[in-house]
Amino acid sequence: MSGEVQNNRQKSDIYLGFGGGLLHSNSKNHVPGKIEHGVMWPLKDSPHNAGYFLDIHMGESVIGGSVKGKYSYDLNEKVSITGGLGAEYNKFKQLKDPQFMPKSSKYDVFISPEVYDRNAKVKGVNYSETTVFGSVGANYNLSKDLQLSGSLDLGCKLSELPSDLESSERSKEPLKPTFSGKLNVGASYNITEILSIGVNGSAPLSKKSDGYVGLSLGLRF
């Protein structure tokens, strides 16, 4: 759960999150856990608030993180509107999928490259992605302890891939920009003044976008 659903925070928060993320670059890469940190400050006792959010996430064959600057304006005691700018970086380690080679098309029998050629090796591929984005959204305090949030992230994803996927040491292709967008929704409930639980999800808006769904435990200190 992202800490962004809580507004008007004057203390530092740490969120321990667990969930599953479908990263477009490799559908086998999931993000089962993340550590998040966020803080918002009121600006001179005004309805304006500013802060930042950081996270480190990791999963099967991927490690990454993000940083986001955020601004919010309190329309009233229940509703605030939000905006921000951010960037996310992911580094992947992927094994090339084994290819099966036909031994005899007559009998439709297949063998793996390791059997076909004992010297065949499936090499790992390292590559990275950087996403820069802008965000707009709103928070709604349903009650004193229950907060809802929604936001829209729109930006550009830059992918860097090796020119030859069989070797990560060969020259890499130039960064190729693609549109990236997702719709974020979340809810957070304050169990005590220092402890909260939450759920959140992100729905991708394009084939090049990433999605996420997860739970979190928040601590305020």
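K34 is a buried residue that nonetheless has no salt bridge, since the record of its surroundings shows E36 as the nearest side chain of opposite charge, 4.4 Å away. A salt bridge is counted here when a side-chain nitrogen of Lys or Arg lies within 4 Å of a carboxyl oxygen of Asp or Glu, so a separation of 4.4 Å between K34 and E36 falls outside that cut-off. The model in which this residue sits is a predicted one, and K34 itself has its place in strand β2. If residues up to four places away in sequence are left aside, K34 touches Y15, L16, G17, I56, H57 and Y212.

To see where this strand belongs, it helps to step back to the whole chain. The protein chain has one helix and twelve strands, and, read from the N terminus on, these elements run β-β-β-β-β-β-β-α-β-β-β-β-β. Of the 221 residues in the protein chain, 37% are buried. The accessible surface comes to about 12900 Å², and 63% of this surface belongs to carbon and sulfur atoms. Where residues at least 6 apart in sequence are in contact, 56% of those contacts join residues that are at least 24 apart.

Strand β2, which covers residues 33-42, runs antiparallel to strand β3, which covers residues 48-59, and ten bridges join the two. Within this pairing, E36 stands opposite D55 in β3. The two strands form a hairpin with five residues between them, and in this hairpin K44 takes a positive phi near 55°. As a general point for reading such strands, the side chains of a regular strand alternate between the two faces of the sheet.

A second set of paired strands can be followed later in the chain. Strand β9, residues 146-160, and strand β10, residues 176-190, run antiparallel and are joined by 14 bridges. Strand β10 also pairs in the antiparallel sense with strand β11, residues 195-204, over nine bridges, and β10 and β11 form a hairpin that has four residues between the strands. One residue lets the reader trace both pairings, for L183 in β10 stands opposite L152, while in β11 the bridge partner of L183 is A203.

Strand β9 also leads to the charged side chains. Side chains of opposite charge can pair when their charged atoms come close. How many salt bridges does a search of the whole structure find? The search finds two. In one of them E129 pairs with K157, and the closest N and O atoms are 3.5 Å apart. Because E129 lies in strand β8 (residues 124-141) and K157 lies in strand β9, this pair ties together parts of the chain that are 28 residues apart in sequence. In the other, the side chains of K157 and D210 meet with a distance of 3.1 Å from N to O. This pair links distant parts of the chain as well, with K157 in strand β9 and D210 in the loop between β11 and β12, 53 residues apart. E129, K157 and D210 are thus linked in a network of salt bridges.

Are the members of this network buried or exposed? E129 counts as buried because its relative accessibility is 5%, and K157 is likewise buried, with a relative accessible area of 2%. D210 is buried too, with a relative accessible area of 11%.

The surface offers another view of the structure. I14, L16, F18, I35, Y189, I191, I197, L217, L219 and F221 form a nonpolar patch there, and together these residues have about 920 Å² of accessible area. The elements that give two or more residues to this patch are β1 (13-22) and β12, and the largest share, three residues, comes from β1. L16, one of the residues in the patch, is also among those that K34 touches.

Two members of the patch can be looked at more closely in strand β12. L217 has its place in this strand, and L217 counts as partly exposed because its relative accessibility is 35%. L219 is found in strand β12 too, which covers residues 211-220, and with a relative accessible area of 40% L219 is partly exposed. Although L219 and I194 are 25 residues apart in sequence, their C-alpha atoms are 5.5 Å apart in space.

Terms used
Residues numbered from 1 in each chain as written. Predicted model: local features only at pLDDT ≥ 70, side-chain atom pairs only at ≥ 80, totals over all residues. Heavy atoms only, no water. Buried < 20%, exposed > 50% of the residue type's maximum accessible area, 1.4 Å probe, protein only. Contact = heavy atoms within 4.5 Å. Areas by Shrake-Rupley, 256 points an atom, 1.4 Å probe, with all protein chains shown as cover. Pairing = 2+ DSSP bridges. Patch = residues over 30% accessible without salt bridge, like charges linked within 9 Å, V, L, I, M, F, W, Y side chains within 5 Å. Lys, Arg positive; Asp, Glu negative; His and termini not counted.
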